[in-house]
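Hi everyone, thanks for coming. Let me show you a structure that is new to most of you, and then we'll walk through its aromatic rings together.

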Amino acid sequence: NDNLWLTTASYFIYRFDGREFFQHRISLANYYGRISTYKIIADDQSIWILTNLGLVKYDGKKYTLVPMDEKLKIGFNSKLILDHNKRIWICDEAGEIFRMESGRIKKMPEVRQKANEPIAGFYGDAQLAFFSKGGITVHVEDNQTIRSGKLDWLPDEEIFSILQINDVYY
């Protein structure tokens with residue numbers, strides 16, 4: 001996808017094709033309430049929008065709310081990432097981690113359990129790493145091995161600055 005996608009706290013998402021902006025209104029079948037958008041990512045086939053209702057998939061024609069096993073606490077500080085294996089991960093306002101598996105959003109409690117505190121953010125490149133507010137890192141490797149360690153050699157302010165983690169409210 002060669003477009004730049006942006007969200008606002010409204011029904012709309014915006015696509016920039018390099019020359020001009022295009023506005024897209026989010027609408028879901030049989031839902032007439034307010035939809036607030038918080039984060040957006042694109043993969044090769046779809047646009048994924050984190051909203052107050054949950055994760056919404058846009059295939060270029062229609063919007064679909066992705067089924068969830070459990071309600072997420074979504075807001076401005078929530079995080080959304082696509083890892084190098086094209087898996088979608090969400091960190092909600094409560095510091096809980098979720099991943100899309102088989103077309104559903106599923107809670108991944110083992111990440112927070114390994115950190116022993118709420119997750120504040122994550123980073124994904126060759127390996128996915130989650131960061132707690134207290135400086136605990138939790139790495140999830142391709143084979144699903146989870147390991148953790150303490151980032152105690154940097155002050156919290158520097159860790160948050162480097163990782164661009166905003167303050168998280170619980």
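I'll talk about the aromatic pairs and then about one tyrosine.

This is a predicted model, where local features need pLDDT of at least 70, side-chain atom pairs count only at pLDDT 80 or more, and totals for chains, interfaces and linings use all residues. Residues are numbered from 1 along each chain as its sequence is written, and side-chain values use heavy atoms, with hydrogens and water left out.

So, how many aromatic pairs are there? Rings of Phe, Tyr and Trp (its six-membered ring) pair if their centres lie within 6.5 Å; planes under 30 degrees apart are stacked, over 60 edge-to-face, and the rest tilted. By that rule, we get 4 aromatic pairs. In one of them, Trp5 and Tyr58 meet edge-to-face, 6.2 Å centre to centre with 70° between the planes. Trp5 sits in strand β1 (residues 4–7) and Tyr58 in strand β6 (residues 54–58), so this pair ties together parts 53 residues apart in sequence. Strands here are DSSP runs of E, at least two residues, numbered from the N terminus.

Are these two buried or exposed? Buried means under 20% relative accessible area, exposed over 50%, and partly exposed in between, using a 1.4 Å probe and protein chains only. Both Trp5 and Tyr58 are buried.

Now meet Tyr63, in strand β7. Together with Trp5 and Tyr58, Tyr63 forms one aromatic cluster. Tyr63 has 11% relative accessibility, so it counts as buried. Leaving out residues up to four places away in sequence, Tyr63 touches several others, including Ile13, His24 and Val56; contact means heavy atoms within 4.5 Å.

Definitions and conventions:
Helices (H or I, at least four residues) and strands (E, at least two) are DSSP runs, numbered from the N terminus.
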